[in-house]
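Let's work through some exercises together, one step at a time. Keep the structure in view and try each task before reading its solution.

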Amino acid sequence: MSDTHFDVVLYGATGFTGRQAVAYFQQHAPAGLRWAVAGRSREKLEALAMAHGATGVIVADSDQPATVEAMAARAGVLLTTAGPYSRYGTPVVEACVRHGVHYVDITGETPWVRGLIDAYDAEAARTGTRIVPFCGFDSVPSDLGVLAVVEHLRRTYGADTRSVSASYTVRGGFNGGTAASMMTLADTDPGGRLLNDVLLLNPADRQSEAERARSADLRGVHYDALRKVWLAPFLMAAVNTRVVRRSNALFAGWDRPYGASFAYHEAHETKSRLKAYGIAAALGAVERALDRGPVRWLAGKLSPAPGEGPSEATMDGGFMRGRYLGEAESGQRVLATMKAKGDPGNRVTVKILCESALLLAAGVDALPGGAARGGVLTPATAFGLPLLERLRAQGFDWQIEAI
Ligand SMILES: NC(=O)c1ccc[n+]([C@@H]2O[C@H](COP(=O)([O-])OP(=O)(O)OC[C@H]3O[C@@H](n4cnc5c(N)ncnc54)[C@H](OP(=O)(O)O)[C@@H]3O)[C@@H](O)[C@H]2O)c1
């Protein structure tokens with residue numbers, strides 16, 4: 001391997017989440033790991049590399065695919081925070097697939113990932129290349145939370161899983177990059193035709209009408225007597241539920257489905273009935289606003305610009321808690337809880353993303369599926385429970401109990 005080769009390349013390193021990922025690598029990369037910062041501005045990258053001890057700098061611009069190709073040729077693992085991904089991400093994935101480079105990102109743009117599956121899944125599967133979108137708050141807590149519940153029910157009761165219902169409470173801020181991605185999504189998928197397809201990410205031959213019927217998105221407000229909370233629609237559910245269903249469908253292809261008629265739903269939880277109705281109304285208003293020109297224009301003006309995000313105090317003061325109510329086919333129930341400190345869209349996302357890349361850099365032989373597993377994967381199928389263990393070692397709390 002030449003001395004211009006890097007174990008991990010961080011592309012989009014100069015952006016708001018990218019800069020946090022660089023700081024995370026400075027603190028957590030194992031000794032001897034060769035890692036480079038990459039992006040379109042040499043000046044900014046050199047300052048960043050100097051400040052945080054990166055071992056290299058690579059200049060690459062998604063508008064010049066040859067530079068992205070040259071970057072991928074020098075990487076073992078590529079981590080990218082250059083988004084909106086439907087704008088800057090496709091040449092990066094294409095180059096990674098061509099060079100057999102494992103890939104992680106923090107996209108929530110499900111229609112874009114559908115396109116990746118159609119274009120690159122078969123080739124990445126053939127070469128054992130792990131292309132893993134959704135390695136942020138969307139959708140790792142949901143995908144790993146469900147996998148851990150399923151594995152627990154199997155181990156404890158010898159049973160497959162009938163259903164998991166997840167509910168979240170969160171506190172945090174909002175990035176300019178996320179606002180830009182939401183606007184781009186509204187432009188590229190008018191009316192949310194793809195976004196609202198509950199089986200959007202399932203392989204084409206695993207989209208049964210029966211699964212579609214039991215997978216309808218939650219609408220309105222409900223009281224949940226088991227968790228003793230009110231449940232309202234959750235903004236990230238349109239991403240997370242599709243990812244969890246893809247995981248189940250991929251495991252089914254490897255003869256290990258979560259359950260014969262597994263169902264997954266996700267909600268925002270709150271103790272206050274009034275707040276639940278407020279959340280439902282606000283989410284409905286956001287969906288409608290993104291489809292209307294003048295309101296969108298105003299939302300664009302009020303949102304932070306790309307490159308900007310919440311204050312350090314907001315990011316440090318945030319948190320996420322996910323609760324996962326699982327039911328075995330044999331009737332037993334468990335309630336699991338995942339908690340993490342920090343703004344979900346920044347501190348939590350950056351930790352998950354970087355730990356995912358470091359796990360891949362440590363070698364895929366030790367991961368579920370070994371060196372042969374590849375494709376456009378999900379966090380659960382690419383990393384499995386080893387990622388949850390890594391996150392627990394970095395402060396995530398995970399508990400599970402029978403109820
Ligand atoms: N999953 C989650 O939970 C989660 C959380 C937060 C963010 N996100 C997503 O992550 C992405 C990044 O968010 P962010 O807040 O970090 O955004 P940001 O601050 O706007 O960063 C975007 C990055 O893309 C780079 N870029 C722009 N045009 C490029 C080009 N032509 N070639 C190469 N790079 C280019 C920018 O480079 P310059 O610095 O040179 O401008 C910057 O580094 C967004 O898509 C957002 O939706 C997901």
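**Exercise 1. Is tyrosine 258 buried or exposed, and what kind of aromatic pair does it form with phenylalanine 251?**

*Solution.* Step 1: tyrosine 258 has a relative accessible area of 1%, so it is buried (buried means under 20% relative accessible area, exposed over 50%, partly exposed in between, with a 1.4 Å probe and protein chains only). Step 2: its partner phenylalanine 251, at 11%, is buried as well. Step 3: the ring centres of phenylalanine 251 and tyrosine 258 are 5.6 Å apart, the planes make 40 degrees, and the pair is tilted. As for the rule, rings of Phe, Tyr and Trp (its six-membered ring) pair if their centres lie within 6.5 Å; planes under 30 degrees apart count as stacked, over 60 as edge-to-face and the rest as tilted.

Before going on, note that this is a predicted model, in which local features need pLDDT of at least 70 and side-chain atom pairs count only at pLDDT 80 or more, while totals for chains, interfaces and linings use all residues. Residues are numbered from 1 along each chain as its sequence is written, and side-chain values use heavy atoms, with hydrogens and water left out.

**Exercise 2. How many aromatic pairs does a search of the whole structure find, and why is the pair of phenylalanine 137 and tyrosine 168 edge-to-face?**

*Solution.* Step 1: the search gives 11 aromatic pairs. Step 2: phenylalanine 137 and tyrosine 168 have ring centres 5.8 Å apart and planes at 85 degrees, so this pair is edge-to-face. Step 3: phenylalanine 137 is in the loop between strand S6 (130–132) and helix H7 (140–157), tyrosine 168 is in strand S7 (residues 161–171), and the two are 31 residues apart. Helices (H or I, at least four residues) and strands (E, at least two) are DSSP runs, numbered from the N terminus. Step 4: phenylalanine 137 counts as buried at 7% relative accessibility, and tyrosine 168 does at 1%. Step 5: ring pairs also link Phe137 and Tyr168 with Phe234, Tyr324 and Trp398 into a cluster.

**Exercise 3. In what order do the 7 strands of the open sheet come, and which strands stand at the edges?**

*Solution.* Step 1: the order is S8-S9-S10-S7-S11-S12-S14, with mixed pairing. Two strands pair if DSSP finds at least two bridges between them. Step 2: strand S8 (222–224) and strand S14 (397–402) are at the edges; each has a single partner strand, so one side of each is left without a neighbour in the sheet. Step 3: look at S7, which runs parallel to S10 with 6 bridges and pairs with strand S11 (residues 319–328) in the antiparallel sense over 10 bridges. Step 4: find residue partners, including serine 167 with alanine 267 in S10 and serine 163 opposite glutamate 327 in S11. Step 5: strand S9 (residues 229–232) and strand S10 (residues 263–270) run antiparallel and are joined by 3 bridges; here alanine 232 has histidine 268 as its bridge partner.

**Exercise 4. Where is valine 244 found, and which residues is it in contact with, leaving aside neighbours within four places in sequence?**

*Solution.* Step 1: valine 244 belongs to helix H10 (residues 237–253). Step 2: valine 244 counts as buried, at 0% relative accessibility. Step 3: apart from those neighbours, valine 244 is in contact with Ser142, Asp143, Val146, Tyr258, Phe262 and Tyr264 (contact means heavy atoms within 4.5 Å).
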